Amino acid sequence: MGYVAVRGGEAAIAEAIRALDVLRAGGTEPGPGAGDPLQVDAIRHQLRLLVDRVMGEGGLYDPRLAALAIKQAQGDPLEAAFILRAHRSNLPRLGESAPHRGSSMRLIRRISSAFKEIPGGQRLGPSTDYLQRLFRLDLLDEDPAAFRAAAQAIPGVPATAGNFPKVVDGLRAEGLLQDAGPAQPAVDITRAPVTFPIPRPARLAHLTRGETGGVLTMAYTTMRGYGYLHPTVAELRVGYLPVLLPHPLTGEPVEAGEVLVTECEIVATHGGGPGEGPPRILLGYGGCLGHNEVKAIAMAMCDRAMLSGDERGVRHPAEDPEFVVCHVDGIEAMGFCSHYKLPHYVTFQSDLENIRSSAAKLQGGA
Amino acid sequence: MTPTSDVPQTNPGTQFGFLDDFAVREIRRGLLKALAIPGYQVPYASREMPIARGFGTGGMQITLAIATPEDRLKVIDQGADDSVNAVSLRRFIAASCPALLTVTRTPEATIIQTRHRVPERPLVAGQIMVYQVPYPDPLQIVEPSEAKRRASHAHGDYARLWVKLYEDVVRFREVAISNRYPARVAGRYVIDPSPIPRWDLPKLHRSPVPHLFGAGREKKLYAVPPFTNVVPLAFDDVPFEVERFRDVAGKRNRCQRCGADDTFLDEIPLTGQASRWQCNDQDRCSENLGYSDGA
């Protein structure tokens, strides 16, 4: 009877957890074993993109806890994001930060593929885009002194303060951008039930917590012909945004800290068919916690695709908000996929009875 | 300040029932609405729990929102009190609800949280059934879009479901829905009763207890209040049937442990001989044996 053994459940669970911890410590590896325990700070800095991904999908900006979650989950990003999100679930909501413009970002990277030069300048920053994906064998057994020296190679690398205008602001001033309509209030999807039709702020909230691969898959369908979207990255920026909270006494916004975010605006041209007015430039927006460029771009494409669905009716899967929003959450998808491991022998017995009964009736010619 | 950003009076996760005050309030309000509109699916902002989606987060949120220190809780999964998931859920609920007693005997329980079964022993007033629900909407088998399904429910339009049942009867001489069998509640909304077998569905009809359904991942609550009609969808000339557990000779199989012939049975295939049959409801089976097995 295995895992439903009568009165065996408690002991089996305890042993399963112990076995997991044995593997965490490298227990079955031959040779030198797992080495020293991973320090949370090492994960936080040396696996920064994983930490960022976990924070984004977990929906909580806390690099230290995200690093702990990664350690605890033995490197599984879905599990790690799940731990972070379960922790976040009933944390008190202390207030609502004021909306604010990405132009006040302290940048580490900013590029536009729409123009050769942009006001404020292109800034490549840390990027794997032009890296040749060849092994760096020197990292196999890295010298600690060289490692420390690498951290100092470019003084003051992180960020540039200053107000860089958004590329799309120029297009907007020229009157070429499609009117986005009146501003809609933000929706806290963790506190308000989802209903359809779903407003754009709630869609964006779902996408920004979406699983990176899930959001990418949805966006990729629009790139390959399930929805013809030819996007141009008007701007992709990575940097630190201040978190502004209302002062408890005056209500004035006060800077409480800053978070690393990735933001992307894509633009697509619209030909202006019969009865559709002059051609306009359509915008899609993506933004997520941490440094995660693929997710921000993919999210902007999904946003654009769904807006197109709103405007002229849904023609492709990624233009349907329900299809996108209900399926991009990695933690929900992973949970439901895993649940099929639970025993299902009652429902299967019921299926068997149903099939046997039907077969008997058909055979009997009834 | 909006109510959602008030500061709760206790630290998260440390108060009785794990959930913060806002979650408890929202779930209780949702349940009251669900009881007031039998069978209607109430959307709610389901919380992430420290157990995975699909493992019973909906049922667990209901239990945590309604439990009091005086309650006695029974948790079953596939009819068993001690299968791994039942153990895991019970352990978490017990840890977050100090003083709440956990029990396995059906008549002793005030709250019964279940996955896929309703206890065989008739329920009595004072008990509450809580179901873990994977798919809250009976129309999901004919319509993938929630927006369209909600419109159908609002119009009382179950035509596509009826057509599916009719086509099943034509093709298979039988409705090919073995569990999650759709039923009309109080003459209005059709519900998905969660993946209970057909065997259990009549137990909901005019039951003396409230049946509360929680779909955590799909973020819906719904309910069947006590003494409410729950009628499986069926045709006058093709009546609703439950599992029959007949052997090849047409004789009703019995539990080979307690001898019962009035329970839902598990079939345990054996190599080279006929299957073994045993009560699925572990507590009922032990009760039939006078708990002489030490349970």
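In which hand of crossing does H8(A) pass H10(A)? The crossing is right-handed. That pair is a handy way into this predicted model, and the rest of the tour goes from chain A to the contact of the two chains and then on to chain B.

## A helix pair in chain A

Two packed helices are described by the angle between their axes and the distance between the axes. For helix H8 (residues 200–208) and helix H10 (residues 293–312) of chain A, the angle is about 150° and the axes are 10 Å apart. Angles over 145 degrees count as roughly antiparallel, and H8(A) and H10(A) are therefore roughly antiparallel to each other.

Who does the touching here? On the H8(A) side you'll find A:Arg203, A:Leu204, A:Leu207 and A:Thr208, and H10(A) answers with A:Met299, A:Cys302, A:Asp303 and A:Met306. Sorted by class, this contact has five nonpolar residues, one polar and two charged.

## How chain A splits up

Chain A comes in two domains: domain 1 covers 8–89, while domain 2 is made of 102–126 + 137–328. Their C-alpha centres lie 28 Å apart. Where domain 1 of chain A meets domain 2 of chain A, the former puts in eight residues and the latter 12 residues. The domain 1 side of that contact divides into three nonpolar, two polar and three charged residues.

## Where the chains meet

Now for the contact of chain B with chain A. It takes in 52 residues of chain B and 49 residues of chain A. On the chain B side, H3, helix H4 (146–155) and strand E11 (265–270) each supply at least two residues, with the largest share, four residues, coming from H3(B). By class, this side of chain B has 21 nonpolar, 14 polar and 17 charged residues.

## Domains of chain B

Chain B is also cut in two, with domain 1 at 10–232 and domain 2 at 244–295. The C-alpha centres of these two domains of chain B are 26 Å apart. Thirteen residues of domain 1 of chain B are in contact with nine residues of domain 2 of chain B. The domain 1 side of this contact has four nonpolar, four polar and five charged residues.

## The seven-stranded sheet and its helices

Chain B has an open sheet of seven strands, in the order E1-E9-E8-E5-E4-E2-E3, and the pairing is mixed. Strand E1 (42–43) and strand E3 (101–102) of chain B sit at the edges with a single partner strand each, so one side of each is left without a neighbour in the sheet. Further in, strand E4 (residues 111–115) and strand E5 (residues 128–132) of chain B pair in the parallel sense over four bridges. One place to look is B:Ile112, whose bridge partner in E5(B) is B:Met129.

Two helices lie across strands of this chain. H2(B) lies across strand E2 (72–77), E4, E5 and strand E8 (211–215) of chain B, and runs at about 150° to E5(B). H3(B), for its part, lies across E2, E3 and E4 of chain B, at about 155° to E2(B).

## H2 against H3

Those two helices of chain B meet as well. The axes of helix H2 (residues 57–66) and helix H3 (residues 84–96) of chain B come within 11 Å and cross at roughly 25°, which makes H2(B) roughly parallel to H3(B). H2(B) passes H3(B) in a right-handed crossing.

From H2(B), the residues involved are B:Met60, B:Thr63 and B:Leu64, and they meet B:Leu89, B:Ile93 and B:Ser96 of H3(B). The class count for this contact is four nonpolar, two polar and no charged residues.

## The three-stranded sheet

Chain B has another open sheet, with three strands in the order E7-E6-E10 and antiparallel pairing. Strand E7 (189–191) and strand E10 (230–232) of chain B are the edge strands, each with a single partner strand, so one side of each has no neighbour in the sheet. On average, neighbouring strands here are turned by 35° against each other, direction ignored.

Strand E6 (residues 183–185) of chain B is joined to E7(B) by three bridges, and the two run antiparallel. To find the register, start at B:Arg184: the bridge partner in E7(B) is B:Val190.

Key. Residues are numbered from 1 along each chain as its sequence is written. Chains are lettered from A and ligands numbered from 1 in the order in which they are written. This is a predicted model: local features need pLDDT of at least 70, side-chain atom pairs count only at pLDDT 80 or more; totals for chains, interfaces and linings use all residues. Two strands pair if DSSP finds at least two bridges between them. Axes are lines fitted to C-alpha atoms, for helices over the stretch in contact, and angles run from 0 to 180 degrees between N-to-C directions. Domain bounds come from an automatic or database domain assignment. Two residues are in contact if their C-beta atoms, placed from the backbone, lie within 7 Å. Ala, Val, Leu, Ile, Met, Phe, Trp, Tyr, Cys and Pro count as nonpolar, Asp, Glu, Lys and Arg as charged, and the others, Gly among them, as polar. Angles under 35 degrees count as roughly parallel, over 145 as roughly antiparallel, 65 to 115 as roughly perpendicular and the rest as oblique. A crossing is left-handed if the near helix is turned anticlockwise from the far one by less than a right angle, and right-handed if clockwise.
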